Amino acid sequence: MVGPGDTVAIGGILNTSHPMAVIRELVRLGTGDLHVVGIANGLELDMLIAAGLVRRVTTPTISGESIHPGAGPAFRRLAQRDEIEISEVDEAIVEVALQAAAQRLPFAPWLGGLGTSLPEVSDDLVEISSPFDDRPLLAVRALPVDVAILHVGKSDRFGNVQPVGSGFGDKAMARAAKKIFCTVERVVGNAEIRANPAQTMVAGVDGIVQAPFGSHPFASPGFYLVDEPALREYVAAAQAWYREDDRGPLDAWFEQWLSGPEDHWDYLRRVGPERLWGLEEGMTP
């Protein structure tokens, strides 16, 4: 359901859940020329960029999370070489742009960003005057999304999804998206969802994929912790590409962990049950 050139919103924020089972599938399929939207992205987007699948990013950050200070190595390499398009935004501007798309508006007014250079460096931001009192405002272009891909804690078979953690930002991306797909840790009965309806983030998404440990090597709050050694392996390989122009370690890492596994279950077999069990919150290997 994701095609070349699509605008894709990737859920999750730094140091928490990311839809890695779908990201690995995008890498295997080679679905590229993507415009990726996020609220606070980290190494999951850096991996997509390293795979050569991203044309443009609209997100306030692509960081190394708690593993690596500063920007993700692959993003940094392409940004410094002008090989990727970058929308200059902050978190609030992304939220406003998504809200405008959800309301089917061409833009939305906003106060944040006034007095900064953001309108000068972004075609999506224009300073305007209020028609009521001539007050200066920032017009934020709407950001419609073709597909939102989220990772959630649980869902029933009808696609009523309840998030892991706060679900911060995921709901805004879902509202702006034409289609919503979620990887889920557990598929549960509808009665369990209805027992806590206030926790339901989105009702009736277009598709769910049962993917236990679907956020690995990132965390899924309430289920398992981040696999820091696995992420450090990626950062070391990506740093070799950035600093030494040596793509070999990164290609080997991709073959082992992203493009190589046949599917999600093959990936989990490669990680191994002992390692996965050791990440369970409150458990030990």
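What follows is a walk through the strands, helices and a few odd backbone spots of a predicted model.

A good place to start is strand E1, which covers residues 7-10. Both of its faces are covered: Thr7 and Ala9 are buried on one side, and Val8 and Ile10 are buried on the other. That split fits a general pattern. In a regular strand, side chains alternate between the two faces of the sheet.

E1 has partners to pair with, too. Strands in a sheet are held in pairs through backbone hydrogen bonds, and the pairing can be parallel or antiparallel. With strand E2 (residues 34-37), E1 pairs in the parallel sense over three bridges, and Thr7 sits opposite His35 of E2. To get from E1 to E2 the chain passes through H1, making a β-α-β crossover that is right-handed. E1 also pairs with strand E10 (residues 145-155), again in the parallel sense and over three bridges. Here Val8 has Val147 of E10 as its bridge partner.

From E10 the pairing carries on. E10 and strand E12 (residues 177-187) run parallel and are joined by nine bridges, with Val145 standing opposite Ala177 of E12. E12 in turn runs parallel to strand E13 (residues 207-210), and four bridges link the two. In this pair, Thr183 faces Val209 of E13.

Now for the helices around this part of the chain. Helix H2 (residues 43-50) is mostly covered, with eight of its eight residues buried. The buried set takes in Leu43, Leu45, Met47, Leu48, Ile49 and Ala50, and also the charged pair Glu44 and Asp46. Just after H2 comes Gly52, which has a positive phi, near 80°.

H2 has helix H1 (residues 20-29) as a neighbour: their axes come within 10 Å and cross at roughly 5°. An angle under 35 degrees counts as roughly parallel, and H1 and H2 are therefore roughly parallel to each other. On the H1 side the contact is made by Met20, Ile23, Leu26 and Val27, and on the H2 side by Glu44, Met47 and Leu48. Sorted by class, that gives six nonpolar residues, no polar ones and one charged one. The spacing of the H1 residues has a general background: an α-helix has 3.6 residues a turn, so residues three or four places apart point the same way.

A second helix pair looks quite unlike that one in its angle. Helix H9 (residues 248-257) and helix H10 (residues 264-271) have axes that come within 9 Å and cross at roughly 110°. Angles of 65 to 115 degrees count as roughly perpendicular, and that is therefore how H9 and H10 stand to each other. Glu255, Gln256 and Trp257 of H9 touch Tyr267, Arg270 and Val271 of H10. By class, this contact has three nonpolar, one polar and two charged residues.

The model also has an open sheet of three strands, in the order E7-E9-E8, with antiparallel pairing. Strand E7 (107-110) and strand E8 (125-129) stand at the edges with a single partner strand each, so each has one side without a neighbour in the sheet. From one strand to the next, the twist averages 35°. Four bridges join E7 to strand E9 (residues 136-141), and the two run antiparallel. Across this pair, Phe107 stands opposite Arg141 of E9. Helix H4 (residues 91-102) packs on the sheet and touches E7, E8 and E9, and its direction makes about 140° with that of E7.

Finally, a few loop residues deserve a look. Between E13 and helix H8 (228-244) there is a loop that holds Pro217. The peptide bond joining His216 and Pro217 is cis, with omega about 15°. Two other residues have a positive phi without being glycine. One is Asp82, with phi near 55°, in the loop between helix H3 (73-80) and strand E6 (85-87). The other is Arg104, with phi near 60°, in the loop between H4 and E7. Are these residues buried or exposed? Exposed means over 50% relative accessible area. Asp82 has 70%, so it counts as exposed, and Arg104 is exposed as well, at 66%.

Terms used
Residues are numbered from 1 along each chain as its sequence is written. Side-chain values use heavy atoms; hydrogens and water are left out. Axes are lines fitted to C-alpha atoms, for helices over the stretch in contact, and angles run from 0 to 180 degrees between N-to-C directions. Angles under 35 degrees count as roughly parallel, over 145 as roughly antiparallel, 65 to 115 as roughly perpendicular and the rest as oblique. Contact means heavy atoms within 4.5 Å. Buried means under 20% relative accessible area, exposed over 50%, partly exposed in between (1.4 Å probe, protein chains only). Two strands pair if DSSP finds at least two bridges between them. A crossover is right-handed if, with the strands pointing away from the viewer, the path from the first strand over the helix to the second runs clockwise.
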